[in-house]
Amino acid sequence: MTVQDVRAFNRFYTNLIGALDYGRHLYAPYTLTEARVLYELAHAADTDAADLRSDLALDAGYLSRILNKFEEAGLIERAPSEKDPRRRRVSLTPDGRAAAELLDERARDSVGSLLDAVAPGELPRLAEAMRTIRTVLGDGHPPAGPGEVVLREPHPGDLGWIVQRNAALYATEYGFNADYEGLVARIVADYAEDHDPHLERAWIAEWAGRPVGCVMCVRDDAPGTARLRLLLVEPEARGLGVGDRLVGAVTDFARGVGYRELVLWTNDVLTAARRVYQRHGFVLTAEKPHRSFGQDLVGQDWRLDLHATGG
C-alpha cells in the first residue's frame, strides 16, 4: 500500500459517485460541502455551529458563510442553545428540511443505480470491503451509530444472516474456504430444525437497527454440559463490548437452566474471541493442530465450570 494507491482509489471513487460532476445536479443549487451541512442538520436533533465545525472539520469562517447563506435563503434558523447560552443552536426550517430531503432522495437514487449494476453475489464482498476500509482507517474505532446495542432472539431471516456473515467474515479475515460455510450451515440448520427452547437459545446483537453479532448455546453430548457456538461480532461494532455481552448472555442462560459446565471449540488465530472467553473464566483444556477450511490451524477446547463461577 502506497500513497499513490490511496490517491488512485480516491480519484476512482469520486469519479464513480459523481462528486465533482455538478452537471448531474446531485447537489444543485448547492456545493458538495453545503449539501453535507444540510444533511448533518437534517440528521441531528440538536446541534450548533461549533458541533458542525468539529464534526465536519470545516474552517470557522467558511462554515459561517455557509450558514449565513442558508439563513438568508430561509433554510435555517438560529437561536440560543439550551445546553449552553453562549452557543447558537442551528435548525432547519420547513424549507430547509424540504431541500435536505430532495438532496437525500437524489443521493439514494444515484447510489441505488450504482448498486443495481453490481452482481447480487458480489454485494456481500463489496459491503465487507467498505466495512474494512472504515474500520482500518478509523483507527479501529467503530463508525458512529445511534442507539445502544440490544440482544434479542432471532427474527425470521436472522439464522440465514448468521450463516452468511460467518462465511463472509471468516473468508475475509482468515482466508477460510467454503468448508467453513458448510459447517456453519449445518450447525444453524440443526438448531432451526430441532432445538429445545428451554435448554438451547440463540442471540442476535442489534445496533442502529441491524444485526452486528450473534452467538448460540446448545446442548452438548456430555450430560450437564452446554456448548457455546458461532460467536461473531461485525468489525464496525467491535470495541462496543458486544462480544462480552453475548458470551455473558450464554453463561447466564446456561447457569440459569442448570448446566454444570459450558464448553467451546475455537482456533488459536481468533485472538480477540479468546480474550473474551478468558475474561469470562473459560480455561484452555486442549490444543490440536489440524487442516480445515483451507488453512493450517490449531484447534482449542475451552471449558467453564458454571458452579465455580456462579457466585
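Which residue, with a positive phi, follows helix 1? The residue is G18, and its phi is near 70°. This report describes a predicted model.

## Helix 1 and its end

Helix 1 covers residues 3-17. With 15 residues at 1.5 Å a residue, helix 1 should span 21 Å, and the end C-alpha atoms are 21 Å apart, so the expected and computed values agree. After helix 1 comes G18, the glycine with the positive phi.

## Strand 7 and its neighbours

Strand 7 runs from residue 225 to residue 233 and is mostly covered, with eight of its nine residues buried. On one side of the pairing is strand 6 (residues 210-219), which is antiparallel to strand 7 and joined to it by six bridges. One of the residue pairs to look for is G213 with its bridge partner V233 in strand 7. Strands 6 and 7 form a hairpin, and five residues lie between them. In that turn, G224 has a positive phi of about 70°.

Strand 7 also pairs with strand 8 (residues 261-267); these two run parallel and are joined by three bridges. Here A226 has L262 of strand 8 as its bridge partner. Helix 9 (residues 242-256) belongs to the same arrangement: strand 7, helix 9 and strand 8 make a β-α-β unit, which is right-handed.

## Two residues with positive phi

Most residues other than glycine have a negative phi. A57 and L230 can be looked at with this in mind. Phi of A57 is positive, near 55°, and phi of L230 is also positive, near 60°. Neither residue is a glycine.

Where do these residues lie, and is each buried or exposed? A57 is in the loop between helix 3 (49-56) and helix 4 (60-72). Its relative accessible area is 70%, so A57 counts as exposed, the cut-off being over 50%. L230 lies within strand 7. L230 has a relative accessibility of 12% and therefore counts as buried, the cut-off being under 20%.

## The largest pocket

The largest pocket of the model has a volume of about 1,500 Å³. It is lined by 31 residues, and those closest to its centre are Y13, I17, A107, V111 and M130. At least two lining residues come from each of helix 1, helix 2 (32-42), helix 5 (94-116) and helix 6 (123-137). Helix 5 gives the most, with nine residues.

Sorted by class, the lining of the largest pocket holds 23 nonpolar residues, seven charged residues and one polar residue.

## The second largest pocket

The second largest pocket holds about 820 Å³ of space. Its lining has 38 residues, and Y170, L231, L232, A273 and Y277 lie nearest the centre. Two or more lining residues come from each of helix 7 (158-174), helix 8 (178-193), strand 7, helix 9, strand 8 and helix 10 (271-279). The three elements of the β-α-β unit, namely strand 7, helix 9 and strand 8, are thus found again among those that line this pocket.

By class, the lining of the second largest pocket divides into 24 nonpolar, seven polar and seven charged residues.

How values were computed
Residues are numbered from 1 along each chain as its sequence is written. This is a predicted model: local features need pLDDT of at least 70, side-chain atom pairs count only at pLDDT 80 or more; totals for chains, interfaces and linings use all residues. Side-chain values use heavy atoms; hydrogens and water are left out. Buried means under 20% relative accessible area, exposed over 50%, partly exposed in between (1.4 Å probe, protein chains only). Helices (H or I, at least four residues) and strands (E, at least two) are DSSP runs, numbered from the N terminus. Two strands pair if DSSP finds at least two bridges between them. A crossover is right-handed if, with the strands pointing away from the viewer, the path from the first strand over the helix to the second runs clockwise. On a 1 Å grid over the protein atoms alone, a cavity is a set of points where a 1.4 Å probe fits but cannot get out, and a pocket is an open set with protein on both sides within 12 Å along at least five of seven lines; lining residues have an atom within 4 Å of a point. Grid points are joined across faces, edges and corners, and a volume is the space filled by probe spheres set on the points. Ala, Val, Leu, Ile, Met, Phe, Trp, Tyr, Cys and Pro count as nonpolar, Asp, Glu, Lys and Arg as charged, and the others, Gly among them, as polar. The expected span of a helix is 1.5 Å times one less than its number of residues.
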